[in-house]
Each structure stands twice: as C-alpha cells, then as structure tokens.
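Open the model in a viewer and keep the sequence panel visible. The stops below go from the whole chain to single side chains.

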Amino acid sequence: MIGARHPAHRPREYADMRPYRIPPGRPTRALALCAAALVLVAGCASEPSRDPGSGDGGTRQPVAPPPVGAPFDYQLGGAYPPPKGVRVVVRDHTASPARGLYNVCYVNAFQAQPHAERDWDADLLLRDGKGRRVYDTDWDEALLDLRTADRRDRAARKVNAWIDRCADKGFDAVEPDNYDSYTRAPKGTLTARHARSFLTLLARHAHRRGLAVAQKNTAELAPDRERVGLDFAVVEECGRHHECGAFTRWFGRRLLVVEYDRRGLRVACRDWGDRVSVVRRDLDVAPAGESGHLRQTCRDR
C-alpha cells in the first residue's frame, strides 16, 4: 500500500437512523450539468471503458463523472447549503442531493456500520481463526466476509439497495467506501482479489442505474480501475501522503481530493490544484454552523 492509511470518514447518520434535515428538491442530473458547462466537456464526458457487467445480460447506462477541477464540498457529517460556487457535493445515501449540482452518494460498502451487525447475515461478517468477528478498530465496524462468490452476491444485494436509493433520489454518482478493508483483515483471509470482485459487482449495478462510480482511496488498486469499472476517484489526504500522482496516473484529472490539515492542503494545491478538485475539511466533516466546521480551498490559503 502506498503511504499511510487514510482516515475514511463516516457520516453521522446512517441508513437505519433519522435522515438529514434539508429542504427537498429535485436535482439536475449529470447530463444536464454537462450540457450547461461545455467548457468542461472533457471532464463531463464519460470515458469509454470495458463494462464488467457486459456478460450478465444487464445494460450499462451512459454515465458522467464529475466535471474536472470543479469546486466541491464533502458533506458526510451532515448536509447543509453548499457554499457559493460549489458544483459538486458528496453526501451520505440517507441524505437528499443538492439541487442543481453534481451529487455523489456515499455508501459504506465493505464494512457494517457501527453496532449494525444484526442487519447482516451472521456468515457475512468476517471472523478470525478463533471465531471472533474482525473489526476496523478505528471506527468499530465489522468487516464483511467477501471470500466466496455467494457471499459477495448476497452482500452486493444489500449494498445495491442503497445504490438504488441513490439513483432514485437523483444522485449522479456513488462513492463505495472501505475498498481497502482487506488490508485490515487477518492475513490469509480477505485479499485484493476479493475486494476487486465485490466492487465490480457494485459498479456493474450502479452503471445499470446510470450512476458513475468512484474509487475511494486504495492507491495500490488504481491500476485496476478499468477492469473494475471505476469512473473517477475520491481520495483522502493524497497531498499529505504524496499519493495524488498515483491516482492521476490512472484517473487523469477525474479526482476529488479531501485534505484534513494545512500541510496536506498546501501540497495538494501546489502540485495538483490547477488540475483536480481539492478541498480541506475538518476531521469530523461537521456541517456549516456547527462547532469545529472548517472548509478551505486552494484560493483560501
């Protein structure tokens, strides 16, 4: 793995908890956004790639990744009115999209939400050699057991239901988190192959629903972008850990960079700010108006 593990942030509100309290509104879909912003057509046009689901009878719908270099906001801690000039917003799948913007829908795809193990079949939660559940201790999240095709298919049905919710609400893309969960599993259990296979299932389904699909962190699997079916990347702290180039090599300018400290923002802006989207957020990604909220861009340095 290139660099240190990134802090994969979680939204405060989950599928089985109360929804975000934001005004309802029908968003503008991605294709309309592209038509209204021809100057960024290179970033809005969908890059041709092999559809990993082409052999299962499904039909891949046209998808559009986020416009390249567009100002964006990372709102996992709670939805709030996007700052002026923002064109891309990332929100949890329990939230509603921001009207008139390009919206990315966050789902926790490879791990169970904290204390939500009961929502999963018992055999879909990974166990170690002593029969104990394996957790991401940073977030108290049980890892999913994706070692067999049957388990991947069953887990995908649950996650794909969230993806369907994203599509039905009017989101333009989906961000499946914890692609790198296999790196937190006991040796000899989960592997990169399992992660790729599972994300391929999710990407195939999202594409059939017309959603672009982001790779979240996990620089070492970026070379597999095309065969998995990924359209852009959401990367935490690639400036701080000097990983941005590992992603631009495979995703080009289709990169949303989130930094969490001043140094990371400085490096990301200096080296990549004129080519990709960069924002700094507070560690809790708190909504505007709440204690600790911070949002900075390359212009604010």
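Colour by secondary structure: the protein has 7 helices and 11 strands, where helices (H or I, at least four residues) and strands (E, at least two) are DSSP runs numbered from the N terminus. This is a predicted model, in which local features need pLDDT of at least 70, side-chain atom pairs count only at pLDDT 80 or more, and totals for chains, interfaces and linings use all residues. Residues are numbered from 1 along each chain as its sequence is written, and side-chain values use heavy atoms, with hydrogens and water left out.

Switch to a surface. About 12,800 Å² is exposed, and carbon and sulfur atoms supply 50% of it; the areas come from the Shrake-Rupley method with a 1.4 Å probe, with only the protein chains shown counting as cover for residues. Of the 301 residues, 57% count as buried, meaning under 20% relative accessible area (exposed is over 50%, partly exposed in between; 1.4 Å probe, protein chains only).

**Strand E9 and its neighbours**

Select 255-259, which is strand E9. How many of the residues of E9 are buried? The count is 5 of 5. Leu255, Val257 and Glu259 lie on one side, with Leu256 and Val258 on the other. In a regular strand the side chains alternate between the two faces of the sheet.

Add strand E8 (residues 232-236), which runs parallel to E9 and is joined to it by 4 bridges; two strands pair if DSSP finds at least two bridges between them. Valine 235 has valine 257 of E9 as its bridge partner. From E8 the chain passes through H6 to E9 in a right-handed β-α-β crossover, that is, with the strands pointing away from the viewer, the path from the first strand over the helix to the second runs clockwise.

Now show strand E10 (277-281). E10 pairs with E9 in the parallel sense over 4 bridges, and valine 278 in E10 stands opposite valine 257. The crossover from E9 through H7 to E10 is also β-α-β and right-handed.

**Helix H7**

Select 262-272, helix H7, and colour its buried residues: Gly264, Leu265, Val267, Ala268, Cys269 and Trp272. They pack against helix H6 (244-251), E9, E10 and strand E11 (295-296). At the N-terminal end, aspartate 261 caps H7, with a side-chain oxygen 3.4 Å from the backbone nitrogen of arginine 263.

**The nonpolar cores**

Show Phe110, Trp120, Val159, Phe198, Leu202 and Phe247, which touch the most other members of the largest nonpolar core, a set of 56 residues. Such a core consists of buried Ala, Val, Leu, Ile, Met, Phe, Trp, Tyr and Cys residues joined through side-chain atoms within 4.5 Å. Elements giving two or more residues to this core include strand E3 (102-108), helix H3 (149-169) and helix H4 (192-208). H4 supplies the largest share, 8 residues.

Centre on phenylalanine 247. Beyond its neighbours within four places in sequence, its contacts (heavy atoms within 4.5 Å) include Gln215, Ala233, Val235 and Leu255. Apart from the largest core lies another, of 20 residues, among them Val63, Tyr102, Val104 and Phe232.

**Aspartate 136**

Finish in strand E4 (residues 135-136), at aspartate 136. Aspartate 136 counts as buried because its relative accessibility is 1%. Its side chain makes polar contacts of 3.3 Å with the side chain of glutamine 111 and, also at 3.3 Å, with that of arginine 184. A polar contact is a pair of N or O atoms within 3.5 Å; within protein, one must be able to donate a hydrogen and the other to accept it, and residues adjacent in sequence count only if both atoms are side-chain atoms.
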